[in-house]
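Trainee: I've got a model open and I'd like to learn how to read it. Could you walk me through it?

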Amino acid sequence: MRFLGGVWSFPGGVVDAADRDRQVPGAQGPEQAAAMAACARELEEETGVCIAPDARALAPAGRWLAPALSPIRYDARYYAVACPAGQEPDVSNSGGELVAGAWLTPGEALSSWRRGERLVSPPALELLELLDRGWERLSERADAAQRVQAEGPPVWRLAPGIAALPLRTPTLPPATHTNCYLLGDEDIVVVDPGSPYPDEQELLWRALDERKAAGSRLRAIALTHHHPDHVGGVSALAERYGLPVWAHADTAAAVGGADRELADGERVELAGDPPRRFEVMHTPGHAPGHLCFVCDGTRYAVAGDMIASVGTIVVDPYEGDMAAYVRSLERLKSERLRVLLPAHGGPIANPDEKIGEYVAHRAWREDKIQAALDDAGQELATLVRVVYDDVPPAVYPLAERSLLS
């Protein structure tokens, strides 16, 4: 699915026209009635559990806006319901919309999240933690937690020791944000503070000040590579907190130096209970000094611009290397990663499948180039129209660069 595909969350969906016509006893207004009707309908469609669309059966459990790292954002209302006697949730009722499901206690779900076994949507994670503390005053506590999230910097926990803060950057459309990642618990490494905009930088500073107030120590800024939408806030952040910059030697050369040059195979250990360990992987191709950071415990990888869940990856012929890029993709696939955390868009929960699609797409495009060279001569403008006949003409300038690579 385009919306959080491969991510564990609660049953749900969108309000449709029929839901707006349902009568829901006890609902406070038509908007709540439509949401409750949709909740009952989606629950039955996805799990087979049948409940009456009645306010007495649907206890409000908060309202959350999907984070900006998601390609599609929903304003979602959650409801707690009692599973009727004799019924058992079964996602085979979903007709293939859901590929897996589990009937768990909140504590069991949280334990699997901590081990990296399940990637849980950020709002669902907040709710699981609320549920794990009991059902009393759930609606009130969920509303309070949502207000804290809405009023604070938009930091979303994706795994133990890994959080994302999407920041608006001058990146290539359709992407609008670059994910800045905060690695660690007691020690914090900031990966790719890419926004040059003061208001976005202020969001990051607020998030880091909150971490410091809670006892964390800011240790360094780490870069996946040197492109402007990844380094736009580095100087301001380094100056504000006195932080060193870590990067690959090629990236350091491109940005005017680094305090520590990271090499392939290095391990960065960050203090905490437990400590967090990240392996440095040199993955050139998109950029000569491109790095990924792989968490030893969860096998989640901060992947920079190796892959994206929003848009695509451009390999520029003047600094990129298409053959090296494909080799780096194949290396990532060999690492048996659980989740890829890209710079643009939400987490990718099926890394092997997604990487396979990327490699196959590059091979398909190469075949089209070869055929076009055989049939249409070698004028670049002609080649682009033939090889990229599946994209609108507005994309041709970028397509020319990829074609040359």
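Trainee: Let me start with one residue: is E279 buried or exposed?

Mentor: A quick word on the source: this is a predicted model, where local features need pLDDT of at least 70 and side-chain atom pairs count only at pLDDT 80 or more, while totals for chains, interfaces and linings use all residues. Residues are numbered from 1 along each chain as its sequence is written, and side-chain values use heavy atoms, with hydrogens and water left out. Now the terms: buried means under 20% relative accessible area, exposed over 50%, and partly exposed in between, with a 1.4 Å probe and protein chains only. E279 has a relative accessible area of 11%, so E279 is buried.

Trainee: Which residues is E279 in contact with, leaving aside its neighbours within four places in sequence?

Mentor: Contact means heavy atoms within 4.5 Å. On that basis E279 is in contact with G265, E266, R267, C292, F293, V294, D296 and R299. E279 itself is found in strand 11.

Trainee: What order do the strands take in the open sheet of five strands?

Mentor: Strands (E, at least two residues) and helices (H or I, at least four) are DSSP runs, numbered from the N terminus. Two strands pair if DSSP finds at least two bridges between them. Here the order is 10-11-12-13-14, with mixed pairing. Strand 10 (267–270) and strand 14 (339–342) are the edges, each pairing on one side only.

Trainee: How many bridges join strand 10 to strand 11?

Mentor: Four, and the two strands run antiparallel; E269 has R277 as its bridge partner in strand 11. Strand 13 (residues 300–304) and strand 14 also pair over four bridges, but in the parallel sense, and G304 stands opposite P342. Strand 14 is covered on both faces, with V339 and L341 buried on one side and L340 and P342 buried on the other.

Trainee: What does helix 6 lie across?

Mentor: Axes are lines fitted to C-alpha atoms, for helices over the stretch in contact, and angles run from 0 to 180 degrees between N-to-C directions. Helix 6 (residues 198–213) lies across strand 4, strand 5 (177–183), strand 6 (187–191) and strand 7 (217–222), running at about 160° to strand 4. The buried residues of helix 6 are E200, Q201, L203, L204, W205, A207 and L208. They pack against those strands and also helix 8 (234–241). Just after helix 6, G215 takes a positive phi of about 105°.

Trainee: Where should I look for unusual backbone?

Mentor: Most residues other than glycine have a negative phi, and most peptide bonds are trans. R299 has a positive phi of about 60° although it is not a glycine, and R299 lies in the loop between strand 12 (291–295) and strand 13. R336 likewise has a positive phi, about 55°, in the loop between helix 10 (322–334) and strand 14. With a relative accessible area of 58%, R336 is exposed.

Trainee: Which residues does a cis peptide bond join, with omega of about 10°?

Mentor: That one joins P173 and P174, and P174 sits in the loop between strand 4 and strand 5. Another cis bond joins D273 and P274, with omega of about 5°; P274 is in the loop between strand 10 and strand 11.
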